[in-house]
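Colleague: Got a minute to go through this model with me? I'd like to hop around a bit.
Modeller: Sure, let me put it up.

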Amino acid sequence: QVQLVESGGGLVQAGGSLRLSCVASGTIFTINAMGWYRQAPGKQRELVALSTNGGTTTYADSVKGRFTISRDTAKNTVYLQMNSLKPEDTAVYYCAVAYVTTNYRRGMDYWGKGTLVTVSS
């Protein structure tokens with residue numbers, strides 16, 4: 001079992017920045033992938049950014065050049081630095097992890113409860 005707690009969401013004006021944090025606890029020593037997903041009202045959940053132990057990072061085209069995912073293994077934390085925010089970035093952002101035995105491309109093993117990011121125009 002893994003517990004994930006996100007923080008850092010809030011209200012920001014367009015062009016502003018936010019940094020999301022997600023702390024993992026529990027059975028974390030076999031985690032491979034850690035990522036951020038988001039779900040906007042009326043839309044499906046989508047991948048925002050993902051990072052693996054091997055150093056692979058993946059970004060949605062819509063956030064490339066604006067968002068950066070990073071991990072602090074000592075703190076069991078994954079971050080999402082979001083710059084140049086746009087109103088269309090408004091969504092609930094979820095942290096998720098996958099074990100080394102999981103094909104993270106097909107799905108993640110554990111999810112946080114989400115943190116709301118609202119970008120005003």
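Colleague: What sits over the ring of Trp111?
Modeller: That's the charged end of Arg45, 3.7 Å from the ring centre. Keep in mind that this is a predicted model.

Colleague: Okay, aromatics next. How many aromatic pairs are there?
Modeller: The count comes to two. Take Tyr99 and Tyr110: the ring centres are 5.8 Å apart and the planes are at 80°, so that pair is edge-to-face.

Colleague: Why edge-to-face for Tyr99 and Tyr110?
Modeller: Because planes over 60 degrees apart count as edge-to-face, and theirs are at 80°.

Colleague: And which strands do Tyr99 and Tyr110 lie in?
Modeller: Tyr99 is in strand 9 (residues 91–99) and Tyr110 in strand 10 (residues 110–111), so the pair ties together parts that are 11 residues apart in sequence.

Colleague: Tyr99 and Tyr110, buried or exposed?
Modeller: Tyr99 is buried, and Tyr110 is too.

Colleague: Switching topic. Where does Arg66 lie?
Modeller: In the loop between strand 6 (57–59) and strand 7 (67–72).

Colleague: Is that arginine, Arg66, buried or exposed?
Modeller: Arg66 has a relative accessible area of 10%. Buried means under 20%, so Arg66 is buried.

Colleague: What does the side chain of Arg66 reach?
Modeller: One partner is the backbone oxygen of Ser62, at 2.8 Å. The backbone oxygen of Ser84 also lies 2.9 Å from a polar atom of the Arg66 side chain.

Colleague: Which residues does Arg66 touch, not counting those up to four places away in sequence?
Modeller: Gln81, Met82, Asn83, Ser84, Leu85, Lys86 and Asp89.

Colleague: Gln81 makes me think of the sheet. What order do the strands have in the open sheet of four?
Modeller: The order is 1-3-8-7, with antiparallel pairing. Strand 1 (2–7) and strand 7 are the edge strands, each pairing on one side only. On average, neighbouring strands there are turned by 15° against each other, direction ignored.

Colleague: How many bridges do strand 3 and strand 8 pair over?
Modeller: Six, in the antiparallel sense, with strand 8 covering residues 77–82. Gln81 in strand 8 stands opposite Arg19.

Colleague: Last one: where does Ser21 lie, and what is Ser21 in contact with?
Modeller: Ser21 is in strand 3 (residues 18–26). Leaving aside neighbours within four places in sequence, Ser21 contacts Val5, Glu6, Ser7, Trp36, Thr77, Val78 and Tyr79. Ser21 also counts as buried, at 14% relative accessibility.

Methods:
Residues numbered from 1 in each chain as written. Predicted model: local features only at pLDDT ≥ 70, side-chain atom pairs only at ≥ 80, totals over all residues. Heavy atoms only, no water. Phe/Tyr/Trp six-rings, centres within 6.5 Å; stacked < 30°, edge-to-face > 60°. Helix = DSSP H or I, 4+ residues; strand = E, 2+ residues; numbered from the N terminus. Buried < 20%, exposed > 50% of the residue type's maximum accessible area, 1.4 Å probe, protein only. Lys NZ or Arg CZ within 6 Å of the ring centre and 35° of its normal. Polar contact = N/O pair within 3.5 Å; in protein donor to acceptor, adjacent residues only side chain to side chain. Contact = heavy atoms within 4.5 Å. Pairing = 2+ DSSP bridges. Axes fitted to C-alpha atoms, helices over the stretch in contact; angles between N-to-C directions.
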